Amino acid sequence: MQSTSRHFNSNARKGIADAKLQAALSKLSHGFPVKRLAAMARLPEFEALRDDARDIKEHTLANLGTYLEIYEAKVLESGGHVHWATDAADACEIILGICRDVDAKTVTKGKSMISEEIAVNEYLENNGVQPIETDLGEYIIQLRHEPPSHIIAPAIHLSKEQVAETFRGEHRHLQTGRNLDEPRTLLEEARGELRRKFIAADVGITGANMVIAETGTSIIVTNEGNGDLTQTLPKTHIVIASIEKVVPTLEDATTILRVLARSATGQEMSVYNTFSTGPKRPEDLDGPENYHVVMLDNGRSKMLGGEFHDMLRCIRCSACLNHCPVYKAIGGHAYGWVYSGPMGAVLIPGLQGLAETHDLPGASTFCGKCEDVCPMRIPLPRMLRSWREKAYAARLGSTKARFGLAAWAFLARRPSFYRPIMAFGVGLLALIGRRGRFSTLPLAGGWTASRDLSAPEGTTFLSQWKRGKR
Amino acid sequence: MSDMAQKDTDKKNMDKKNVGLFVTCLVDLTRPSVGFATARLLEAGGCTVHVPDSQTCCGQPAYNAGDKVDAQALARNVITAFEDFDYIVAPSGSCAGMIREHFPALLAEDEKMSARAQGVAAKTYELMEFLHDVLGVSDTGTTFQGAVTYQDSCAGLRELGIKEQPRALMAAVDGLSLKELDDGESCCGFGGLFSVKYPDISGKIVDDKAEAIEKTGADVLLGGDLGCLMNIAGRLQRRGSPVKVRHLAEVLAGMTGDVPPIGETKE
């Protein structure tokens, strides 16, 4: 997809003005976070599990090459294939190649953020292969030609009325007068439409929440069961995963699963936690005949050991989105690409370049809530600050803001200049602001567009203290 | 202040604590009353208060804007001005958090300053935690009639773990009743320069906060960080809300009769 991250500010304004989106975001912020707290309360060892989960990932990242090699060997042993993709173009080409080898016309897809990252749908469509998203949210946004606005609830920005409207427009072969007022009827209609497609598909593509080195297994976590139909019905199953998704053992995978669903939706476990190892064996009743794994790097190996290393622990649970005041104010589309919220603001500049995306790390209050709720204890604010340092060094962003900051810093570093100039300034402002506050003030930026600005009392604390006032 | 006066007498024979008051740039420039309230509380708690004249700002605006060089220079300035005191106290979780949690990392590669940054960090406190945890103040002996609600500042709450201390001090104020905010641990949308650089987003977040404050039915919003309070006061006033806003130090020091609420005039 075409990134619109450079239009972050206008995207954000659009999001704030969108009443339907605001209603959905308000529901989101009272949903997932509340359920997460309840799930944590039921599990006293949750904090210790977070440490374990972090340590597992750190150990894996420190030995990434080794575990990837073990994983590859195990997949081959189970009769599957492993393909290594350096970047998005590489991964798309590999996937198309596999589809062409089996003469695929249609491909069903489970929900996968990596497939969004590499924009494989667009690529397949342009090359004559029809991809069909089977996760309900993904299915809806595919019909609407929209990117996901949330990493686990991709259609969170839509109301059920908007979904009904989309279904009426797209499912034209169905009765026009049918009842689409309830979430249940919408779900049943999507299920009916998708059922035929599941059966007809030549290839099923899924992502992977994790892959396990010890067993050569890929894991998907879903609540709808669509992923299972995607990976077991077609003759060919392609798993697309990024290299940091590997964990050493089954035991490690279950530790991470225990923090994943609780952090994401507040469930103890997602409804379906499906483990796939290789193609169908002779004694199996069903399953794919061909099992391919595409392991994507796309810049990740360069993050190892650097200032964004910790981001490689991310398990895409969405807790940082669900608790972010900025995300909750503007929604996911404002970020302009497939990821959003604090994790998106850290990842997107690395994948799209900082020049057009510096507003993403810029737009954070540094409230620290994201780091507080991250199950993998990723220091998101620290990494957002790293991007800001790079943006500042590259002179990105508004010159007015840079100039203002530089002028202020110049003075603040020189107390003997700072004191009299500031004293004069606050005295002047106090004089104009005798009413106690300003409803408009030049140079106050957009501050006074939505709020008043309190006027200074008039004399600085330091000068009064020096004169002996107590 | 009978309790505190008693405490003061008790401490007469002990060495007084020398406290460097880091007043913060916002308090210094816009609301000195918070500085006087802070000094009064510290003195009543048995401290000798020092206010170094060379203090300006902790450097957080530069640090958060990615301007590391200026942030480091300002950090060095704070360290030089304050390192000789027994304690450094600021009426702000945000500025205390900057000194305590960020100075050591900011100056980690500065051979001369690294250890000094850690030394200063180790003795820096936000006012409420200092009163409660270090001085052992449980009752400031003040009266304040009214229902209040309280906004925890993000840095105080999450960087310094301050939550119980202001509540314990408020609970001891005669006549004060606390009505907690819904989703009280969420940010008010201030974020320093964030509020100026992204006024639309900041405006939306603070509007939600103002709504939550009004819902509590409280007459007054209290908090421990002037930046957050100016942001929220500005939005409440724009909404035409009757809720007044004050720094908790003003209430604890019994200064509410002398100083109008934030953004209001005396009458």
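Start in chain B of this predicted model and select residues 17-21 and 47-50: these are strands β1 and β2 of chain B, running parallel and joined by four bridges. To see how the two line up, pick B:G20, which sits opposite B:H50 in β2(B).

Keep β1(B) on screen and add residues 87-90. That's strand β3 of chain B, paired with β1(B) in the parallel sense over three bridges. Which residue of β3(B) stands opposite B:V19? Click across and you land on B:Y87.

Next stop, another sheet in chain B. Colour β6, β5, β7 and β8 in that order and you have an open sheet of four strands with parallel pairing. Its edges are β6 (174-178) and β8 (244-247) of chain B; each has a single partner strand, so one side of each is left without a neighbour in the sheet. Look along the sheet and you'll see the twist, which averages 35° from one strand to the next.

Now zoom in on β5 (143-151) and β7 (220-223) of chain B, a parallel pair held by four bridges. B:Y150 is a handy marker here, standing opposite B:L222 in β7(B). Then show residues 226-238: this is helix α13 of chain B, lying across β5, β7 and β8 of chain B and running at about 175° to β8(B).

Time to bring in chain A. Select the contact between the chains: 52 residues come from chain A and 59 residues from chain B. Colour the chain A side by class and you get 26 nonpolar, 12 polar and 14 charged residues.

Last, split chain A by its domain assignment, with domain 1 at 43-301 and domain 2 at 412-466. Their C-alpha centres are 55 Å apart.

Note on methods
Residues are numbered from 1 along each chain as its sequence is written. Chains are lettered from A and ligands numbered from 1 in the order in which they are written. This is a predicted model: local features need pLDDT of at least 70, side-chain atom pairs count only at pLDDT 80 or more; totals for chains, interfaces and linings use all residues. Domain bounds come from an automatic or database domain assignment. Two strands pair if DSSP finds at least two bridges between them. Two residues are in contact if their C-beta atoms, placed from the backbone, lie within 7 Å. Ala, Val, Leu, Ile, Met, Phe, Trp, Tyr, Cys and Pro count as nonpolar, Asp, Glu, Lys and Arg as charged, and the others, Gly among them, as polar. Axes are lines fitted to C-alpha atoms, for helices over the stretch in contact, and angles run from 0 to 180 degrees between N-to-C directions.
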